[in-house]
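Please work through the exercises below with the sequence and the three-dimensional structure open beside you. Each task is followed by a solution that goes step by step.

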Number of protein chains: 2
Amino acid sequence: MSAQFSERLRERAVQIHIAEHLRARLERGEKLRVKLGLDPTAPDLHVGHLVVLDVLRDFQDEGHTVVLIIGDYTAMIGDPSGRSETRPVLSAEQVEANAETYFEQVDLVLDRQSIEVRHNSEWLAPMTAADILRLMGKATLQQVMQREDFAERLKAGAPIGAHEILYPFNQAYDSVAVKADLEIGGTDQLFNLLFGREIQKAYGQEPQDIAVLPLLEGTDGVQKMSKSLGNYIGISEAPAEIYGKTMSIPDQLIEKYLRLISGLSAEEVEATLTFKPRDAKAALARQLVKRLHGEEAAARAEEDFDRKFRQREVPDEIPERVVSNPDDLVGTLVEVELAATRGAAKRLIEQGGVRVNGEKSSAETKLRDGDVLQAGKRSFVRIRLK
Amino acid sequence: MSAQFSERLRERAVQIHIAEHLRARLERGEKLRVKLGLDPTAPDLHVGHLVVLDVLRDFQDEGHTVVLIIGDYTAMIGDPSGRSETRPVLSAEQVEANAETYFEQVDLVLDRQSIEVRHNSEWLAPMTAADILRLMGKATLQQVMQREDFAERLKAGAPIGAHEILYPFNQAYDSVAVKADLEIGGTDQLFNLLFGREIQKAYGQEPQDIAVLPLLEGTDGVQKMSKSLGNYIGISEAPAEIYGKTMSIPDQLIEKYLRLISGLSAEEVEATLTFKPRDAKAALARQLVKRLHGEEAAARAEEDFDRKFRQREVPDEIPERVVSNPDDLVGTLVEVELAATRGAAKRLIEQGGVRVNGEKSSAETKLRDGDVLQAGKRSFVRIRLK
């Protein structure tokens, strides 16, 4: 990063606002306070989070301070309208337990000791009604309503709890409280990051620069990676899971994953992209396990995977099929034409002739997106869920 | 009111919500807490406020409790966006001085001793940010945006400070805090009154009934009576002012004023309406002064007015003219064709031949809406502003 953006930030940022300002500060050798917010209701990180964490690590390496904000305040209040199931009420203990879970994962990338950890209840809980009124007076309703999820719900006639208006204000005020110089987030955070600038200005602070990073698609190759969509690779998953899930991504995602989360240099990425897709994917999978579990675990995961699949002569090109009921293995065998009838499918299972990802299956086996379904020795289908 | 609505409430209410519920409570002889909110930034009452005050007096006479809420909380905070000039910041002393001004006027109608006076800072100031979040969680943004002034500004693209959303919540929460059974207000308060019901329900209270009363047009006969529009008759104005301003209202307002604010019974109103307009208006003017300053003052105001106008043979029917620059008496005389040229107008003024409401005028006299402008003995024009 010395005297410039890190290569990683320059290559990846969808938008830096204001780039000239940030560059000048870095060139002057200023030490920045780089803010990252954390939702303590969802502490499980997936590899998509590596996009942001890698950039933060670069800042740490250059002596800047990563300020991690645990949004415990609203988490402890929950959603007073009772409408949102995704915003459960957490006790202070749960918040701390979740934060610890979070740190264990973040630890894989960042230097935990040098992170400045703050809880936003520190400045939000003591606020009075008058303070809230003043805070909300810093922006118009129209500005807040530009936030994408508000705009969409308004258009769709879906209810927005009036209290929800407070959330972007709280999040923006966090930047005031920690005097953030730079905030980093995914493209879905653009409004919040910009709003932080506005509120800092209104409180007489120099507004933070912001760097917006791309969101990674999940293993389905379609939607953004998300635990709730089931298309994620968890940062703390076992080596075999990380390796296997990575091997299940569609080929067209290989390059993006390599560039954004492999941790490989640009040259290494280019070299890897000259491989056949199957081999490039294997290199990516090995590299991801290596980042998160070390070299040895990566080698073992690869060996295990190869033994199960390659040595059983799983072909490089497996046809993909979207299935309608992945919980019904018998019906699925008929649907993907690995069996002619449900009766034939049942017999095939009973005889041990059906494998999922190389493991013998029973009629109760439930299929997941990306699973390789095998009937007999030579028939393979990769399962896709819608 | 015994066992029923007061005749006054039944005759006047534009809407009672929920009328059956309120009637049943009154029939059961329940003693109600009847809420009225007061904006301490505008303590000057005009006769339009008598519509509400008379109804409240009826409730007092039947032993119900009028709960007067002084909205000191937001008045002391002001408008944090700095956008609104109509919402100045008041000190606690100013709030109390204004409240005293208000009480002196209310005293003309209500029994001041039995009013329960509350300041909403009592329950709003101790609220925490979490309390505000919970309060706002009781309604959706869409509900709040139905409030007429919000809806209009949204449509017109005029900014709405995000903090303004709090005001209806605060006002509604006042009903929770005082456990209001009934709230009374003008038609412009309909949203706020209904919103009070919603918030009471959300806090587990039986929602207040509401009675919505009509707004009175001002002396211009067009816009609602308002100090800022200059078309008002102040409750604490001098007898001669009240009498004179009342005599200046357009004839088509006489019936409405008689019915809504004269304090006369329905029979007396009917009898008065059989008079010629000039005499009905004089009866109204006398009655208003009598209500606010007593019988003797009313008689004297009438005599004074008559001496000035009727004895100077002011005709019953005075032509009205809208003038473009009421601050320019010379130009106005030409405009309304009481003088042929500015020079002639100036000479007429210098010779003492121009009177406004019977008083000799100088070239500096400024005209107001409803003034009677007289040139010589026989030429009269009633001035209308736009």
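The exercises that follow concern the contact between two chains, a few secondary-structure elements and some salt bridges.

**Conventions**

This is a predicted model, in which local features need pLDDT of at least 70 and side-chain atom pairs count only at pLDDT 80 or more, while totals for chains, interfaces and linings use all residues. Residues are numbered from 1 along each chain as its sequence is written, chains are lettered from A and ligands numbered from 1 in the order in which they are written, and side-chain values use heavy atoms, with hydrogens and water left out.

**Exercise 1. Describe the contact between chain A and chain B, from its totals down to the elements of chain A.**

Step 1. Begin with the residues in contact (heavy atoms within 4.5 Å): chain A contributes 33 residues and chain B contributes 33 residues.

Step 2. Turn to the buried area, which is the accessible area (1.4 Å probe) that two parts lose on being put together, summed over both. Chain A and chain B bury about 2,700 Å² between them, and 72% of it lies on carbon and sulfur atoms. Of the area that chain A buries against chain B, 23% comes from L133(A), L141(A) and A162(A), more than from any other three residues.

Step 3. Count the polar pairs. A salt bridge is a side-chain nitrogen of Lys or Arg within 4 Å of a carboxyl oxygen of Asp or Glu, and between chain A and chain B the count is zero. A polar contact is a pair of N or O atoms within 3.5 Å, where within protein one must be able to donate a hydrogen and the other to accept it, and where residues adjacent in sequence count only if both atoms are side-chain atoms; 14 residue pairs, both at pLDDT 80 or more, are in such contact between chain A and chain B.

Step 4. Assign the elements, given that helices (H or I, at least four residues) and strands (E, at least two) are DSSP runs numbered from the N terminus. The elements of chain A that give two or more residues to the side touching chain B are α4, α7, α8 (141-145), α9 (148-156) and α10, and α7(A) gives the most, with six residues.

**Exercise 2. Determine how far helix α7 of chain B is covered, and by what.**

Step 1. Classify the residues, where buried means under 20% relative accessible area, exposed over 50%, and partly exposed in between (1.4 Å probe, protein chains only). Six of the eight residues of α7(B) (residues 129-136) are buried, namely A129(B), A130(B), I132(B), L133(B), L135(B) and M136(B).

Step 2. Find the packing partners. In chain A, the buried residues of α7(B) pack against α4 (72-77), α6 (121-124), α7 (129-136) and α10 (166-178), and in chain B against α10 (166-178) and α11 (190-202).

**Exercise 3. Place strand β5 of chain B among its neighbours.**

Step 1. Check its cover: five of the five residues of β5(B) (residues 182-186) are buried.

Step 2. Identify the pairings, two strands being paired if DSSP finds at least two bridges between them. Strand β2(B) (residues 33-38) pairs with β5(B) in the parallel sense over two bridges, with V34(B) and L182(B) as bridge partners. Strand β6(B) (residues 209-213) also pairs with β5(B) in the parallel sense, over five bridges, and here G185(B) stands opposite V212(B).

Step 3. Follow the chain from β5(B) through α11(B) to β6(B), a β-α-β crossover that is right-handed; with the strands pointing away from the viewer, the path from the first strand over the helix to the second runs clockwise.

**Exercise 4. Compare three salt bridges by the parts that they join.**

Step 1. R8(A) forms a salt bridge with D58(A), the closest N and O atoms being 2.9 Å apart. R8(A) lies in helix α1 and D58(A) in helix α3 of chain A, so the pair ties together parts that are 50 residues apart in sequence. R8(A) is partly exposed at 22% relative accessible area, whereas D58(A) is buried at 13%.

Step 2. E320(A) forms a salt bridge with R384(A), with 3.1 Å between the closest N and O atoms. E320(A) belongs to strand β7 (residues 320-323) and R384(A) to strand β11 (residues 379-385) of chain A, so this pair ties together parts 64 residues apart in sequence. E320(A) is partly exposed at 43%, and R384(A) is buried at 8%.

Step 3. R153(B) and D149(B) meet in a salt bridge of 3.4 Å, N to O. Both lie in helix α9 (residues 148-156) of chain B, four residues apart, and are therefore separated by about one helical turn.
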